[in-house]
Amino acid sequence: MAAMEPRLPSLDELVIAFDKGLRTVFAPAQSVRPSPGDGLVEAEMTDRQRALAAALMRVNHSGEICAQALYQGQALTARDPRAKSALEQASQEETEHLAWTERRIEELGGRKSLLNPAWYAGSFAIGALAGLLGDRWSLGFLAETERQVVAHLERHLGRLPAEDDKSRAIVESMKEDEARHATSAIGHGAAELPEPAKLGMRLSSKVMTETAFWI
Ligand SMILES: [Fe+2]
Ligand SMILES: [Fe+2]
């Protein structure tokens, strides 16, 4: 069956993907929805609290860079047009998360991770490989990624300063969106990944989150 053969991207698609990657990493992200923290008052925080909040939001921003790259990589090699458009739609929503976290880092006086180009390249390659395994596995990978992100964001809600309502509102909204992305992937026929694959994903995201906290 033609749908089961590996789908390799054309040169045009590769050029477009490369351009999107450069824009994701280097250009400011745009959001259609207002940032969830917009209507809230900036809290009084100590320098230490602001630095902690900025570092946590830097980790979340890098996570969104990875999400962009995974989705774009998967969309590039996805076979089923419906899976492809679901991936592209989700990638659009991740752009908003990227914009919200980016702006929040600025408000807190922090900076983005210097390693974002590396996070993007690595995640893009993983996404493209997942896409080559077939849509069911690719969507399974997506669903598991989103579940792990939800758990990660939940942990960040426990670590962010209690006063920092603006950052907390952003993380809460992202958590809701990510949970919806997982449900949508399952709705599109995601396979359940084997336990060792889930463990490997947890370990590799731990490397990213712990490094991006500092660098
Ligand atoms: Fe996201
Ligand atoms: Fe997501």
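The dialogue below goes through the metal sites, the aromatic pairs, the nonpolar core and some single residues of a predicted model.

Trainee: What makes Glu64, Glu94, His97 and Glu178 donors of the iron ion (ligand 1)?

Mentor: Their donor atoms, which are OE atoms of Glu64, Glu94 and Glu178 and the ND1 atom of His97, lie 1.9 to 2.3 Å from the iron ion (ligand 1), and because a donor is an N, O or S atom within 2.8 Å of such a metal, these atoms qualify. Glu64 is listed with OE twice, and along the chain the donor residues follow the spacing E-x29-E-x2-H-x80-E.

Trainee: Which residues are the donors of the iron ion (ligand 2), and how do you know that they count?

Mentor: They are Glu94, Glu146, Glu178 and His181, with Glu146 giving OE twice and His181 giving ND1, at 1.9 to 2.5 Å from the ion, so they too satisfy the limit of 2.8 Å. Their spacing in sequence is E-x51-E-x31-E-x2-H. Glu146 belongs to helix α5 (residues 135–159) and His181 to helix α6 (residues 165–187), so this pair ties together parts that are 35 residues apart in sequence.

Trainee: Why is Glu94 called a bridge between the iron ion (ligand 1) and the iron ion (ligand 2)?

Mentor: Glu94 is among the donors of the iron ion (ligand 1) and is also among those of the iron ion (ligand 2), and the two ions that it bridges lie 3.9 Å apart.

Trainee: Why are Glu94 and His97 separated by about one helical turn?

Mentor: Both sit in helix α3 (residues 81–107), three residues apart, which means that about one helical turn separates them. An α-helix has 3.6 residues a turn, so residues three or four places apart point the same way. Glu94 and His97 are both buried, as are Glu146 and His181.

Trainee: How do you know that the span of α3 is close to the expected one?

Mentor: The 27 residues of α3 reach 40 Å from the first C-alpha to the last, set against 39 Å expected at 1.5 Å a residue. Just after α3 comes Gly109, with a positive phi of about 75 degrees.

Trainee: Why is the aromatic pair of Tyr120 and Phe124 called stacked?

Mentor: The structure holds two aromatic pairs. In the pair of Tyr120 and Phe124 the ring centres are 6.1 Å apart and the planes make an angle of 15 degrees; because centres within 6.5 Å make a pair and planes under 30 degrees apart count as stacked, the term applies to Tyr120 and Phe124. Being four residues apart in helix α4 (residues 116–132), they are separated by about one helical turn, and both are buried.

Trainee: What makes the pair of Phe213 and Trp214 edge-to-face?

Mentor: Here the centres are 4.9 Å apart and the planes stand at 80 degrees, so the pair falls in the class for angles over 60 degrees. The partners are placed on opposite sides of the accessibility limits, because buried means under 20% and exposed over 50%: Phe213, at 15%, counts as buried, whereas Trp214, at 65%, is exposed.

Trainee: Which residues touch the most other members of the largest nonpolar core?

Mentor: Of its 22 residues, these are Met57, Leu108 and Val171. The elements giving two or more residues to this core are α2 (47–77), α3, α5, α6 and α7 (195–214), and α2 gives the most, with seven. Beyond residues up to four places away in sequence, Leu108 touches Met45, Arg50, Ala53, Ala54, Met57, Asp164 and Ser167.

Trainee: How do you know whether Ser35, His152 and Asp47 are buried or exposed?

Mentor: Ser35, in the loop between α1 (11–26) and α2, has 10% relative accessibility and therefore counts as buried; outside its neighbours within four places in sequence, Ser35 is in contact with Trp100, Arg103 and Ile170. His152, in helix α5, is buried because its 14% is under the limit of 20%, and, with residues up to four places away left out, His152 touches Val59, Asn60 and Thr209. Asp47, in helix α2, has a relative accessible area of 68%, which is over 50%, so Asp47 is exposed.

Conventions
Residues are numbered from 1 along each chain as its sequence is written. Chains are lettered from A and ligands numbered from 1 in the order in which they are written. This is a predicted model: local features need pLDDT of at least 70, side-chain atom pairs count only at pLDDT 80 or more; totals for chains, interfaces and linings use all residues. Side-chain values use heavy atoms; hydrogens and water are left out. Donors are N, O and S atoms within 2.8 Å of the metal (3.2 Å for Na, K and Ca); water is not among the atoms, so sites may look incomplete. Buried means under 20% relative accessible area, exposed over 50%, partly exposed in between (1.4 Å probe, protein chains only). The expected span of a helix is 1.5 Å times one less than its number of residues. Rings of Phe, Tyr and Trp (its six-membered ring) pair if their centres lie within 6.5 Å; planes under 30 degrees apart count as stacked, over 60 as edge-to-face and the rest as tilted. A nonpolar core is a set of buried Ala, Val, Leu, Ile, Met, Phe, Trp, Tyr and Cys residues joined through side-chain atoms within 4.5 Å. Contact means heavy atoms within 4.5 Å.
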